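Colleague: I've got a model open and I'd like to learn how to read it feature by feature. Could you walk me through it?

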Amino acid sequence: MPYSRISKKYLKPRWPFLKQDAKGTLHVDGVSIKTLAEKYGTPLYVLVESEIRNRVRRFKNAFPYQKFRPQYASKCNSNLEILRIMREEGMDIDASSVGEIILALLADFEPREITFTNLHKTDQDIMFAAKVGVQAITVDSTEELARVAKVAQKMRTRIRVFIRVNPLIQYGKYTSKHQQYGIANSSVKKAIRMAKEARYVDLIGLHFHGSYISDPKVYEVAAHKIIKHAVYCKSLGIRIRYIDLGGGFPYQYNDTEVFQPEEMGKRFVKKFEEMIKKADLHPPTLIFEPGKFMVANAGIGLVRVISKKKRPKKTMMIVDGSTYAFLPDAMIYKQYYEVLPATKMTTRRTKEYTIAGCTCDCIDILARNRWLPTLEAGDLLTFMDCGAYSTVMASNFNTLKRPAAVMVKENGTIKMIRRRDRYSEMFAPELDVLKVADPRELKKFYDLTRINIDKLWNGRKKTIGK
Ligand SMILES: Cc1ncc(COP(=O)(O)O)c(C=O)c1O
């Protein structure tokens with residue numbers, strides 16, 4: 001079907017993969033949104049492979065530094081297919097838990113391509129990461145450093161560590177002063193001495209992660225502080241091989257422009273090299289840990305309108321997704337998602353709607369006061385730019401299944417990359433420990449929860465629970 005152009009007002013340049021057909025239906029890299037909804041059901045996450053690869057390549061090319069090893073922060077979307085793409089594109093992994101280390105290994109990353117960074121690691125976590133042989137464990141506090149030293153001693157194994165620094169910086173509107181991460185700048189020297197004294201600890205890197213950064217100069221300010229600590233390390237005979245400046249790169253989600261890695265890359269590298277030279281340090285490997293920049297704009301949340309509720313002064317459209325099980329950031333961060341009328345792209349937007357999720361909670365609101373065409377039950381809507389911090393943060397509140405996810409591949413095929421939850425696995429943590437029934441009855445119940453009701457109704461399977 002020939003595509004017609006979407007009004008420039010609605011077609012944002014950040015979605016080069018979107019087109020619409022003459023009937024006003026949205027297509028994602030050539031795949032009709034209607035096909036996706038019919039084949040995989042709604043709500044549904046749709047990821048666009050071409051966009052993910054494009055962003056990774058852009059990020060890698062933006063920093064012309066010889067020893068540049070960016071890591072993908074897998075916490076923002078740890079889907080195995082995405083991890084596999086990251087590996088193919090030559091990214092390393094910033095893992096925030098043993099679970100994420102395991103996922104990275106499943107996606108065929110080498111242990112030395114994984115760094116383990118979070119605020120809390122049990123002794124068992126430390127032992128696991130050390131045995132696996134990750135690139136480094138990032139210690140977040142002096143207490144954690146002491147524990148890593150103790151575990152390493154017990155194992156008689158050298159453990160490579162990064163020290164996570166909170167440089168307590170302030171630049172423009174940005175400040176890290178109130179963030180809980182890392183060792184306060186004033187205590188870093190003490191931590192470095194502790195690491196030096198610990199027989200089985202190899203301090204090889206210094207780390208900073210600044211969360212939501214809107215001015216690229218923040219990275220320069222942080223690098224300046226971190227390099228000072230690297231100089232102190234050198235004075236103690238410790239060579240810092242890695243300087244890791246974390247993630248926090250913004251992505252665009254409304255009409256406000258954000259800085260792009262290409263705009264900061266050259267300048268940053270120049271400044272970084274100057275600082276390293278001035279400090280007379282051996283050039284370290286430079287790490288960044290982008291998460292949301294890589295995948296946020298490549299994700300689309302597809303929902304179906306289920307009903308219309310007229311209320312004084314507003315009309316609410318209820319959809320089959322929810323903040324809890326689908327787009328949690330709409331509630332947690334009051335994240336703004338652009339909403340496209342995916343089956344009515346060519347219809348004028350004459351109605352103002354609030355879009356509510358389907359749980360029994362009045363705060364389950366996905367979007368407020370949006371101008372859209374007149375909507376009816378059955379219409380499809382897309383919530384744009386939701387590729388990061390959605391699937392991984394979704395919960396089963398109201399005992400809802402978390403949705404499936406598909407990826408529109410570069411070759412135009414559709415690949416299911418996560419199926420919908422099953423009741424059997426949702427109930428298992430309780431059924432495993434509570435004797436609610438005779439095991440045979442449970443078995444029947446368990447089987448029942450695996451049955452696909454659509455198949456039953458389509459007459460393909462006639463009996464329940466046998
Ligand atoms: C240590 C670390 N690195 C990287 C990231 C990724 O951040 P972003 O998605 O903002 O790039 C996070 C996110 O919380 C983080 O904690």
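Modeller: Sure, what follows is a short tour by question and reply. Keep in mind that this is a predicted model.

Colleague: Let's start with helices. How far apart are the end C-alpha atoms of helix H2, and what span should its 14 residues give?

Modeller: The idea is to take 1.5 Å a residue and compare. For H2, residues 49-62, that gives an expected span of 20 Å, and the end C-alpha atoms are 20 Å apart, so the two agree.

Colleague: Which residues of H2 are buried?

Modeller: Here's the general background: an α-helix has 3.6 residues a turn, so residues three or four places apart point the same way. In H2 the buried set is Glu49, Glu51, Ile52, Arg55, Val56, Phe59 and Ala62. Those buried residues pack against two strands, S5 (44-48) and S23 (404-408), and against helices H3 (80-88), H9 (261-278) and H10 (292-295).

Colleague: What about a pair of helices? At what angle do H7 and H8 cross, and is the crossing left-handed or right-handed?

Modeller: You look at the two axes. Those of H7 (residues 188-197) and H8 (residues 217-235) come within 10 Å and cross at roughly 35°, and the crossing is right-handed. H7 brings Val188, Lys189 and Ile192 to the contact, while H8 brings His229, Tyr232 and Cys233. By class, that contact has four nonpolar, one polar and one charged residues.

Colleague: Now burial. Is Ala149 buried or exposed?

Modeller: You count C-beta atoms within 10 Å, and 20 or more others make a residue buried. Ala149, which lies in helix H6 (residues 142-155), has 21 such neighbours, so Ala149 counts as buried. Setting aside neighbours within four places in sequence, Ala149 is in contact with Ala198, Tyr200 and Val201. The C-alpha atoms of Ala149 and Met194 are 9.1 Å apart, with their positions 45 residues apart along the chain.

Colleague: And Gln260, where is that?

Modeller: Gln260 sits in the loop between strand S15 (242-244) and H9. With 17 other C-beta atoms within 10 Å, Gln260 comes out as partly exposed. From Gln260 to Ser78, 182 residues apart along the chain, the C-alpha separation is 23 Å.

Colleague: On to backbone oddities. Which residues have a positive phi although they are not glycines?

Modeller: As a rule, most residues other than glycine have a negative phi, and most peptide bonds are trans. Lys334 has a positive phi of about 50°, and Tyr389 has one of about 55°. Lys334 is in the loop between helix H11 (329-332) and strand S19 (339-341), whereas Tyr389 is in the loop between strand S22 (380-384) and S23. Their surroundings are worth checking too: Lys334 is exposed, with 9 other C-beta atoms within 10 Å, but Tyr389 is buried, with 22.

Colleague: Where is there a cis peptide bond?

Modeller: Check omega. The bond joining Thr42 and Pro43 is cis, with omega about -10°. Pro43 is placed in the loop between helix H1 (33-40) and S5.

Colleague: Last one: how many residues surround the ligand, and which are the closest?

Modeller: There are 15 residues around the ligand, and the closest are Ala73, Gly247, Glu289, Gly291 and Lys292. Sorted by class, the shell holds five nonpolar, six polar and four charged residues.

Terms used:
Residues numbered from 1 in each chain as written. Predicted model: local features only at pLDDT ≥ 70, side-chain atom pairs only at ≥ 80, totals over all residues. Helix = DSSP H or I, 4+ residues; strand = E, 2+ residues; numbered from the N terminus. Expected span 1.5 Å × (residues − 1). Buried ≥ 20, exposed ≤ 12 C-beta atoms within 10 Å, placed from the backbone. Contact = placed C-beta atoms within 7 Å. Near = placed C-beta within 6 Å. Nonpolar A, V, L, I, M, F, W, Y, C, P; charged D, E, K, R; others polar. Axes fitted to C-alpha atoms, helices over the stretch in contact; angles between N-to-C directions. Left-handed = near helix turned anticlockwise from the far one by under 90°.
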